[in-house]
Amino acid sequence: MSAALPPRVGLGTSVQGPKPEPVRRAVLRAIEAGYRHLDTAAHYATEEPIGEAAAEAVRAGTIASRADLFITSKLWCADAHLDRVLPALRQTLRNLQMDYLDLYLIHWPVTMKAGRYTAPFTAEDFEPFDMRGVWAAMEECHRLGLARAIGVCNFSCKKLETLLSFAAIPPAVNQVEVNPLWQQRKLREFCREKGVQICAYMPLGAKGTHWGSDSVMDTGVLHDIAKAKGKTVAQVCLRWVYEQGDCLIVKSFDEGRMRENLDIVDWELTEEERQRISKIPQRKTNQARRFVSEQGPYKSLEDLWDGEI
């Protein structure tokens with residue numbers, strides 16, 4: 001197993017369009033509020049402001065050193081080539097002005113032509129995903145000490161099983177969509193059995209983004225539970241994810257909500273509330289249709305998710 005697991009609650013920094021200054025300010029406020037796990041990706045274009053905020057927090061004495069933070073970043077699809085993984089990580093570290101990542105993840109089980117960083121993507125952009133070659137390069141990043149842990153995102157049980165069949169260093173984490181409307185029971189059981197930590201993204205459904213939906217935050221059952229407990233709907237969602245044993249990545253740049261989102265540890269849902277949440281009809285929001293093409297390696301959502309959708 002590669003290195004330590006992330007703190008259970010992390011700050012997400014996926015934004016629509018470049019927003020370096022708002023991201024820098026938000027990350028600084030988050031560190032002041034107590035967040036120690038910061039989640040970014042090459043594709044988010046938020047690595048530089050996170051690095052600036054981390055350095056500023058050290059200078060201000062909010063944290064003693066970079067070692068007080070757990071930084072996750074991700075390999076974009078255009079760099080998911082055997083010979084591009086290490087250079088991509090080195091670029092990420094330059095962006096962050098850091099010597100190492102705590103966790104480096106393959107963002108999607110997808111390969112694009114080198115240089116394809118921004119949408120829209122066309123059928124010609126996709127190439128077969130060389131899982132074995134890309135993972136070997138990820139293992140090299142770990143051996144060099146540039147990534148203290150390595151893992152994946154958006155891997156189905158089937159893809160994880162394939163990876164585990166040849167990995168010299170098994171993935172520490174699988175970061176996937178998890179919320180009360182997409183509970184991932186089968187994947188969680190598989191990951192638990194294999195010693196892979198699930199890290200939940202979109203725990204609130206990413207309302208207001210082009211990849212998200214209002215469905216989670218508009219769910220009546222969650223509103224009823226929140227009202228009965230004197231909590232916010234967001235807190236009920238996050239507490240539910242927390243109780244599954246998952247790490248979770250939650251994004252809010254509002255300082256009040258940042259603090260609310262951390263306040264999920266000292267209380268719990270009742271068994272009856274858990275049962276009500278378990279009966280919510282399931283629907284995956286982030287289906288990643290943009291990676292599906294009749295001319296590409298994934299010709300349908302069934303192919304991409306191996307029928308686990």
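Visitor: Is Glu 32 buried, partly exposed or exposed?
Guide: Glu 32 belongs to helix 1, residues 20-33. Helices (H or I, at least four residues) and strands (E, at least two) are DSSP runs, numbered from the N terminus. Buried means under 20% relative accessible area, exposed over 50%, and partly exposed in between (1.4 Å probe, protein chains only). Glu 32 has 45% relative accessibility, so it counts as partly exposed.

Visitor: What kind of model is this?
Guide: Residues are numbered from 1 along each chain as its sequence is written, and side-chain values use heavy atoms, leaving out hydrogens and water. Local features need pLDDT of at least 70, side-chain atom pairs count only at pLDDT 80 or more, and totals for chains, interfaces and linings use all residues: this is a predicted model.

Visitor: Which residues does Glu 32 contact, leaving aside neighbours within four places in sequence?
Guide: Contact means heavy atoms within 4.5 Å. Cys 141 is 109 residues from Glu 32 along the chain, and their C-alpha atoms are separated by 31 Å. With neighbours within four places set aside, the contacts of Glu 32 are Thr 62 and Arg 259.

Visitor: How many residues make up the largest nonpolar core?
Guide: A nonpolar core is a set of buried Ala, Val, Leu, Ile, Met, Phe, Trp, Tyr and Cys residues, joined through side-chain atoms within 4.5 Å. In soluble globular proteins, nonpolar side chains tend to be buried together. Here, the residues with the most contacts inside the largest core are Leu 75, Tyr 104, Trp 108, Met 138, Leu 248 and Phe 291, and its total is 94 residues.

Visitor: Which helix gives the most to this core?
Guide: The top contribution is eight residues. They come from the helix that spans residues 233-243, helix 8.

Visitor: How many residues are in the other core?
Guide: This core lies apart from the largest one. Among its members are Phe 70, Ala 149, Cys 199 and Cys 247, and its size is 10 residues.

Visitor: Which tryptophans does Trp 108 contact, not counting neighbours within four places in sequence?
Guide: Trp 108 is one of the residues with the most contacts inside the largest core. Its partners beyond four places include Phe 129, Tyr 201, Ala 288 and Phe 291. The tryptophans it contacts are Trp 76 and Trp 305.

Visitor: How are helix 2 and helix 3 oriented to each other?
Guide: Axes are lines fitted to C-alpha atoms, for helices over the stretch in contact, and angles run from 0 to 180 degrees between N-to-C directions. Helix 2 (residues 47-60) and helix 3 (residues 85-96) pack at about 45 degrees, with axes 7 Å apart. Under 35 degrees counts as roughly parallel, over 145 as roughly antiparallel, 65 to 115 as roughly perpendicular and the rest as oblique. Helix 2 and helix 3 are therefore oblique.

Visitor: Which residues of helix 3 meet helix 2?
Guide: Helix 2 brings Glu 47, Glu 48, Ile 50 and Gly 51 to this meeting. From helix 3 come Thr 92, Asn 95 and Leu 96.

Visitor: How many disulfides does the structure have?
Guide: A disulfide is a pair of cysteine sulfur atoms within 2.5 Å. The sulfur of Cys 199 is 4.9 Å from its closest cysteine sulfur, in Cys 247, so it is too far for a bond. For Cys 237 the closest is in Cys 199, at 16 Å, again too far for a bond. A search of the whole structure gives a count of zero.

Visitor: What is the relative accessible area of Thr 40?
Guide: Thr 40 is placed in the loop between strand 2 (37-39) and helix 2. Its contacts beyond four places in sequence include Thr 13, Ile 50 and Lys 74. Thr 40 is buried, with a relative accessible area of 0%.

Visitor: What is the phi of Met 202?
Guide: Most residues other than glycine have a negative phi. Met 202 lies in the loop between strand 9 (197-201) and helix 7 (220-229). Its phi is positive, although it is a residue other than glycine, and the value is near 55 degrees.

Visitor: Which residues does Leu 144 touch, not counting those up to four places away in sequence?
Guide: Leu 144 is in the loop between helix 4 (131-143) and strand 7 (150-153). At 43% relative accessibility, it counts as partly exposed. Beyond four places in sequence, it touches Leu 86 and Arg 90.
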